[in-house]
Structure formats: structure tokens, C-alpha cells
Amino acid sequence: MKSKLILFSIIVLSLVSFGIASVGMSDNAFAQTGVNVGVETETEVKIGEKSDDGESNVSVEGKTETSVEAKAQTSSETKAEEKSSEETSETSAKAESQVQLAIKSSYPKVKASSENSFAVQSKQKLYQPGEMIRVEGSLFSGLMTQLGASNTVNVQIFDNKGMMVKESTVQMKSGGGFDAEVLLPSNSVNGEYTIKSKIISDSSVLGTLSAETRANLETSTKVIVSTPSSVKIKVEGHDDFEVKVASNSKVTEVKFKEPEKKVSFMVEGESGTKGVTQISIPKALLSGQMSVMIDGKIMADEDVIVTANTETTTKLELNYHHSIHQIDVVGTNAVPEFGSVALIVMVVAISGIILVSSKYSRLGIRTI
């Protein structure tokens with residue numbers, strides 16, 4: 001009987017250990033929202049150690065002056081170490097932020113040149129109804145000299161049917177650059193939108209320009225407008241996680257693979273066209289240093305940007321040529337499976353120990 005009891009206790013304790021370890025993993029995963037970069041430091045002030053000549057650095061029975069100096073030195077060292085610790089914490093926080101944003105937050109800027117005298121681009125390739133479209137551009141210095149400093153830029157947004165939905169006029173900066181914001185209506189239909197930008201200058205100046213130069217005062221670019229769809233990701237032991245996807249592609253098979261710490265999905269579109277997808281992932285599900293793969297290969301830097309990075313969500317924008325592709329968003333932190341199950345195991349195990357101990361105590365049998 002005693003050997004059976006010992007065997008039972010070993011099994012129960014093993015289950016308890018497993019439960020505690022699993023719960024610890026769960027708590028840690030929810031606490032972390034990025035990769036922790038930094039070194040933990042311990043501050044330890046030692047007073048009364050012997051120097052090389054055998055004399056005490058700080059003598060308790062020594063002169064008061066020496067004691068005060070030692071205390072002052074100790075206090076100074078402590079403050080210096082505390083300051084160093086604070087600087088280390090700040091450096092760690094900055095490093096963590098940089099790691100979290102290892103993927104760039106914007107596309108490479110298109111700069112005006114002699115071949116492209118008026119360059120314009122949108123901050124993103126895809127926008128959702130009700131979002132602010134951000135446009136930026138620059139004017140080649142040679143053309144800027146011809147036009148002078150007093151110029152404005154008119155920005156118009158046209159929907160997929162060619163109807164103008166919004167416009168804005170902004171002043172061009174002295175360096176030849178401009179930034180404009182145009183709010184999309186909340187009822188905007190999905191599709192490909194055109195952004196037309198035109199430099200408005202003094203008519204007397206425009207009359208001196210050649211037809212080719214005047215043609216270069218207008219340009220356009222295109223963006224996708226798409227309403228996001230929500231996908232519920234189920235992880236045992238946790239509430240459902242909501243992943244949002246907006247795309248001009250057909251997106252299917254959105255899945256979370258906990259062992260590999262990644263969210264995977266398939267995209268499909270007409271060959272010869274370009275695809276763009278925005279995916280919003282809760283950090284409670286997947287976080288840390290992100291990387292994106294397409295068909296098993298890392299996507300190029302210029303094809304992936306972070307469009308939003310809040311305390312709770314990471315939103316990525318991905319660009320690719322249409323075909324059928326598998327895309328994997330991989331993180332360094334993922335929600336562990338079976339978190340609640342482990343807690344239940346621990347509670348049941350502890351309850352079992354209490355019940356068995358109570359039973360044998362009533363029988364007068366020693367359990368240990």
C-alpha cells in the first residue's frame with residue numbers, strides 16, 4: 001500500500017510540475033508584446049573589503065572623516081550604478097521598439113529627377129473605407145526653378161468607375177516637396193482608385209513652358225480600396241482571436257500554427273496583375289520580431305511595411321505579383337496552447353493530494 005501511495009504521489013507531483021510550467025508559459029506569453037532585448041543588472045555595494053595592501057577600504061572604527069568619505073563614495077557609486085541601470089533600461093526599451101519594427105514602416109521614397117520631374121506616391125498601397133489617404137511628392141529642382149516658389153498641388157481621388165470622390169489642394173514647400181491628406185468616404189466601394197495630382201502655377205509662367213513641360217505637371221498613381229474581413233482564430237484554452245484581412249486577392253485558409261509561431265494564409269489572383277493584402281494580427285496571438293515569407297522565401301524589404309503598430313495589434317501590408325501563393329507571418333512570441341488545461345490539471349492534482357492525505361489521516365496511516 002505504501003509503495004502504491006508513493007507511486008501515486010510521484011505521478012501527482014509530475015502533473016503539478018507540468019501545470020505550473022505551462023501556466024508560467026501562458027502568463028509570460030501574454031505579458032510580452034515584443035522581443036526583450038537588454039541585460040539584467042544587479043547592483044551590489046560591498047563595504048569593508050580588503051585592499052591589496054591588507055587595509056580595509058571602509059573602516060567602521062576608523063576616523064569619522066574617512067567614514068564620511070567612504071559613505072559619500074558609496075553613495076556616488078550607487079547613484080552612478082542606478083543611472084547606468086536606468087540608461088540600460090532606456091536602451092533596452094529602444095532596442096525592443098526597433099526590433100518590433102524591424103519591418104519598415106514606409107516604402108522607399110520616389111524622388112523627382114530629370115527623367116521624372118514630378119514624382120508622386122501614396123503612403124500605402126491599400127486603404128479601407130473611411131481611412132485617410134496620404135499622398136506625398138516632389139518636384140525636380142530644374143522644373144522648380146522654371147515655375148518659381150509660389151505653387152500649389154491639387155490632389156483628386158477617383159473611384160473604380162471614374163467618379164471623383166474627394167479632392168484637396170495644398171501648398172508646395174520651398175524645397176519642392178508636398179504632403180496631402182484626403183479622407184475617403186466611409187461608404188467607399190471596393191476597387192482600384194486613381195489619385196491624380198496636378199501642379200497649379202501662375203498662368204503667366206505656364207505660358208512660357210513647352211507643351212512637354214506642361215504635361216509633366218500632372219501625374220497619377222493607383223491604390224486599392226478594400227473592406228476588411230474578420231477571421232476567428234481558435235486556440236484551445238483561450239478566447240477566439242480576431243485576425244482582420246483586406247485585399248484585392250482571394251484570401252483563404254487563414255490559420256494559426258502555434259508550434260511554428262506563425263499565421264498562414266493563401267492568396268490568389270489573376271496572373272499579370274499585382275496583389276496587395278493588409279493583415280491585422282493581435283499581439284496576444286503573435287508578436288515580437290516579425291518576418292514574412294511567400295512560398296517559403298523571405299519577402300523583399302520593399303514589399304512589406306508595418307502600417308500600424310499599437311499595444312494590441314500589428315498591421316502589415318504585403319505586395320506580390322498575382323498567382324497562387326502561401327504567405328506566412330512569423331513571430332518570436334506566440335500564445336501557448338492548453339494554458340487553461342494546465343491550470344485545471346494543477347488544481348485537480350492538488351485536490352487529489354489533499355483528499356488522499358485526509359483519507360489516510362483518518363485511518364491513522366502515515367503518508368510520508
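These are questions and answers on a predicted model.

Me: What average pLDDT does the protein have?
Reply: Confidence can be read per residue or over the whole protein. By residue, 64% score at least 70. Over the protein, pLDDT averages 76.

Me: Over which residues, with 62 contacts beyond four places in sequence, does pLDDT stay under 50?
Reply: Two stretches have pLDDT under 50 to consider here. For residues 338-343 the model has eleven contacts beyond four places in sequence, so that stretch does not fit the count asked for. The 62 contacts belong to residues 16-72.

Me: How many strands are there in the protein?
Reply: Helices and strands are counted separately. The helices number six. The strands number 20.

Me: Which strand pairs with β8 in the antiparallel sense?
Reply: Strand β8 covers residues 218-225. Strand β2, residues 126-127, runs parallel to β8 and is joined to it by two bridges. The antiparallel pairing has eight bridges. Its other member, residues 191-200, is β7.

Me: Which residue in β8 is the bridge partner of T194?
Reply: β7 spans residues 191-200 and pairs with β8. On the β2 side, L126 stands opposite I224 of β8. For T194, the partner in β8 is K222.

Me: What share of the residues of the protein count as buried?
Reply: The protein has 368 residues. It exposes about 22000 Å², with 52% of that from carbon and sulfur atoms. Buried means under 20% relative accessible area. By that cut-off, the buried share is 36%.

Conventions. Residues are numbered from 1 along each chain as its sequence is written. This is a predicted model: local features need pLDDT of at least 70, side-chain atom pairs count only at pLDDT 80 or more; totals for chains, interfaces and linings use all residues. Side-chain values use heavy atoms; hydrogens and water are left out. Two strands pair if DSSP finds at least two bridges between them. Helices (H or I, at least four residues) and strands (E, at least two) are DSSP runs, numbered from the N terminus. pLDDT is the predictor's confidence in each residue, from 0 to 100. Contact means heavy atoms within 4.5 Å. Buried means under 20% relative accessible area, exposed over 50%, partly exposed in between (1.4 Å probe, protein chains only). Accessible areas come from the Shrake-Rupley method with a 1.4 Å probe; for residues, only the protein chains shown count as cover.
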